Amino acid sequence: MRVLVVEDDKAIGEGLTETLKRQGHAVDLCATLSRASAALATETFDIVLLDLTLPDGDGLDWLKRLRDGGSDLPVLILTARDALPDRIAGLDEGADDYLVKPFEPDELLARMRVAL
C-alpha cells in the first residue's frame with residue numbers, strides 16, 4: 001500500500017513513516033499542504049494520513065477541496081484537535097476517520113485497514 005503522510009511535526013512524521021514502512025507500506029511524507037497537493041498530482045496513493053494544523057493552511061480546507069474535486073481517496077485525519085465540533089467537522093468534510101493524537105500505532109493500522 002502507498003501512503004501519503006501530511007504532517008509538519010518532524011518527529012511524528014518520521015515515527016509514522018518508520019511504523020508504516022515496518023508494516024511493508026511505501027510512504028511519502030509531506031510537511032505542507034502544497035507539497036501534498038503536488039504529490040497527489042503526480043503520484044497514486046492508496047490512503048492519506050492528514051494532520052490539520054499545517055504551516056500553509058488548514059487540513060480541513062484542503063480535504064474539502066479534495067472532496068469537491070471528486071476524489072474518493074481514503075483520508076484519515078490525525079490531529080491533536082480533540083473537541084467534538086472538530087471531530088464532527090472533519091467527518092462532515094469527508095474524512096473516512098478521525099484519530100486524536102497521541103494514538104497507538106496498532107489502532108492507526110486497524111483504522112487504515114477499515115478505511116481501505
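What follows looks at strand 3 and the nonpolar cores in a predicted model.

Strand 3 covers residues 47–50, and its side chains split two ways: Ile 47 and Leu 49 point to one side, while Val 48 and Leu 50 point to the other. Whichever way they go, all of them end up buried.

Strand 3 also has partners. It runs parallel to strand 1 (residues 2–6), with four bridges joining the two; here Val 3 has Ile 47 as its bridge partner. Strand 6 (residues 75–79) is likewise parallel to strand 3, this time through three bridges, and Ile 77 in strand 6 sits opposite Leu 50.

Now for the packing. The largest nonpolar core holds 20 residues, and the ones touching the most other members are Leu 4, Val 6, Val 48, Leu 50, Trp 62, Leu 63 and Ile 77. At least two residues of this core come from each of strand 1, helix 2 (33–42), strand 3, helix 3 (59–68) and strand 6. Helix 3 chips in the largest share, with four residues.

Leu 63 is worth a look of its own. Leaving aside residues up to four places away in sequence, Leu 63 touches Leu 50, Val 75 and Ile 77, plus Gly 90, Glu 93, Gly 94 and Ala 95. Apart from the largest core there is another one, made up of 14 residues, including Val 3, Leu 20, Val 27 and Leu 99. Val 3, then, belongs to this other core and is bridged to Ile 47 of strand 3, whereas Val 48 and Leu 50 of that strand are members of the largest core.

Note on methods. Residues numbered from 1 in each chain as written. Predicted model: local features only at pLDDT ≥ 70, side-chain atom pairs only at ≥ 80, totals over all residues. Heavy atoms only, no water. Buried < 20%, exposed > 50% of the residue type's maximum accessible area, 1.4 Å probe, protein only. Pairing = 2+ DSSP bridges. Core = buried A, V, L, I, M, F, W, Y, C linked by side-chain atoms within 4.5 Å. Contact = heavy atoms within 4.5 Å.
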